[in-house]
Amino acid sequence: MNANERDILLDVKNLHTHFISGHGKTKVTVKAVNGVSFQVKNGETFGLVGESGCGKTTLGRTIIRLYNPSSGEVTFGGRIISGKKDAELQKFLTSNIAMVFQDPIASLNPRMTVQEIIAEGLKIKGIKDEATVRNMVGEALYRVGLLPEHATRYPHEFSGGQRQRIGIARALIVEPTMVIADEPISALDVSIQAQVINVLNDLKRDMGLTILFIAHDLSVVKYFSDTIGVMYKGRMVEMGDADKVYHNPLHPYTKSLISSIPLPNPHGERRRVRVSYDPSAYNIDDERLEMRHVEEGHSILCTPDEYEKYVLMANRG
Ligand SMILES: Nc1ncnc2c1ncn2[C@@H]1O[C@H](COP(=O)(O)OP(=O)(O)O)[C@@H](O)[C@H]1O
Ligand SMILES: [Mg+2]
């Protein structure tokens, strides 16, 4: 293993997750994740973006094994986590990868106290001593900006932003290496979205967390992602250093995503040119498509012909 490989925490290789619905003549296969490969380095924030229905949640849930992959391989810290899900693998996953969900209301059991909700993960780790559990919950609450006395209350007593902090505290109590945050701020008021992002950034800094941050909107991830991956119809179409993907997008789908972000100042906003994406001009099922490296830290899903064009575009800058 060379130094570079040691830096890689999560390695996803040609992952497929297909759902079959209906039966007989109405049977359809939805290729929610259709051959996705990417790597997440230790300590980085990887922003995964793409419109609703492109497969982001399915990808996250397949990594953490809430869904089983149809094919492909996923390794985490060098260990294969896409194989048979036995008790041992489940334990490994629960203590290493935590998930923060989009809807802080639906994801917290209303009949449990905050203490009980956050402490759940500790059971799996075999930590039962009451005083230890109370201390650890208190510390987790503190880390997300809540108070120890919040522990005895119920989820409905909190605002949306506070509930999401509880969800984050629950995720980090097991001291995971990686957090998969699936649209953690989409359901929150704009005024408190930044606060929740700051909580995640503080945790990243203080605990060395690696974050896979899922969003439908590129404007959300561009500020704090090291790497950005753009998904479209179950595939990754563009991926690379956040700066390059955001400032020099090459794939027409990424371009349209970026042009749809409103500009902060009104003068720029009036001049903003929207690039619309015409899906019929691009065949996502073309068998010649492959993720190709067009410049340092920047890859595009393209055919060999398109590749030449993208290399030129990338180097024009
Ligand atoms: N459990 C499921 N069973 C069948 N189809 C599903 C299931 N979950 C998601 N899908 C389908 O897979 C596709 C991707 O969904 P999803 O991963 O939720 O996308 P995103 O999170 O990007 O909005 C959609 O077409 C969705 O309808
Ligand atoms: Mg989703």
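User: Let me start with a single side chain. Is Lys204 buried or exposed?

Analyst: Lys204 is buried, because its relative accessible area is 18% and the cut-off for buried is under 20%. Please keep in mind that this is a predicted model, here and in everything that follows.

User: Thanks! Which residue does Lys204 meet in a salt bridge?

Analyst: First the general idea: side chains of opposite charge can pair when their charged atoms come close. In this model the side chain of Lys204 pairs with that of Asp226, at 3.1 Å from N to O. Lys204 belongs to helix H7 (residues 190–207), while Asp226 sits in the loop between helix H8 (218–221) and strand E9 (227–232), so this salt bridge ties together parts that are 22 residues apart in sequence. Asp226 is partly exposed, with a relative accessible area of 36%.

User: How many salt bridges does the structure hold?

Analyst: There are 11 salt bridges. One of them joins Arg288 to Asp286, with the closest N and O atoms 2.8 Å apart. Arg288 is partly exposed at a relative accessible area of 47%, whereas Asp286 is buried at 16%.

User: Which residues do salt bridges with shared partners join into one network?

Analyst: That network consists of Asp11, Lys13 and Glu73. Within it, Lys13 bridges to Asp11, and their closest N and O atoms are 3.8 Å apart. Here too you can read the burial of each partner: Lys13 counts as partly exposed at 40% relative accessibility, and Asp11 counts as buried at 13%.

User: Now the sheets. What is the order of the strands in the open sheet of 4 strands?

Analyst: In general, strands of a sheet pair through backbone hydrogen bonds, either parallel or antiparallel. In this case the order is E2-E1-E4-E5, and the pairing is antiparallel. Strands E2 (28–41) and E5 (79–80) are at the edges, each with a single partner strand, so one side of each has no neighbour in the sheet.

User: How many bridges pair strand E1 with strand E4?

Analyst: E1 (residues 8–21) and E4 (residues 71–76) share 5 bridges in the antiparallel sense. If you want a pair to look for on screen, Val12 has Val74 of E4 as its bridge partner. Helix H2 (residues 56–63) packs on this sheet, where it touches E1 and E2, and the direction of H2 makes about 115° with that of E1.

User: I would also like to read a parallel case. Which way do E6 and E7 run?

Analyst: E6 and E7 run parallel, joined by 4 bridges. Ala98 has Val179 of E7 as its bridge partner. E7 also pairs with strand E8 (residues 210–215), in the parallel sense and over 5 bridges. In that pairing, Ala181 is matched with Phe213 of E8.

User: Why is strand E7 described as largely enclosed by the rest of the structure?

Analyst: For E7 (residues 178–182), 5 of the 5 residues are buried, so the rest of the structure largely encloses the strand. Met178, Ile180 and Asp182 point one way from E7, Val179 and Ala181 point the other way, and all are buried.

User: On to helices. At what angle do H4 and H5 pack?

Analyst: Helix H4 (residues 114–124) and helix H5 (residues 130–143) meet at about 105°, and their axes are 10 Å apart. Angles of 65 to 115 degrees count as roughly perpendicular, so that is how H4 and H5 stand to each other. H4 contributes Val114, Gln115, Ile118, Ala119 and Leu122 to the contact, and H5 contributes Val133, Arg134, Met136, Val137, Ala140 and Leu141. By type, the residues in the contact of H4 with H5 are 9 nonpolar, 1 polar and 1 charged.

User: One last feature, the backbone angles. What is the phi of Asn14, which is not a glycine?

Analyst: Asn14 has a positive phi of about 45°. Asn14 is in strand E1 and is partly exposed, with a relative accessible area of 44%. Arg65, also not a glycine, has a positive phi of about 70°. Arg65 lies in the loop between H2 and E4 and is buried at a relative accessible area of 5%.

Methods
Residues numbered from 1 in each chain as written. Chains lettered and ligands numbered in written order. Predicted model: local features only at pLDDT ≥ 70, side-chain atom pairs only at ≥ 80, totals over all residues. Heavy atoms only, no water. Axes fitted to C-alpha atoms, helices over the stretch in contact; angles between N-to-C directions. Helix = DSSP H or I, 4+ residues; strand = E, 2+ residues; numbered from the N terminus. Parallel < 35°, antiparallel > 145°, perpendicular 65-115°, else oblique. Contact = heavy atoms within 4.5 Å. Nonpolar A, V, L, I, M, F, W, Y, C, P; charged D, E, K, R; others polar. Pairing = 2+ DSSP bridges. Salt bridge = Lys/Arg side-chain N within 4 Å of Asp/Glu carboxyl O. Buried < 20%, exposed > 50% of the residue type's maximum accessible area, 1.4 Å probe, protein only.
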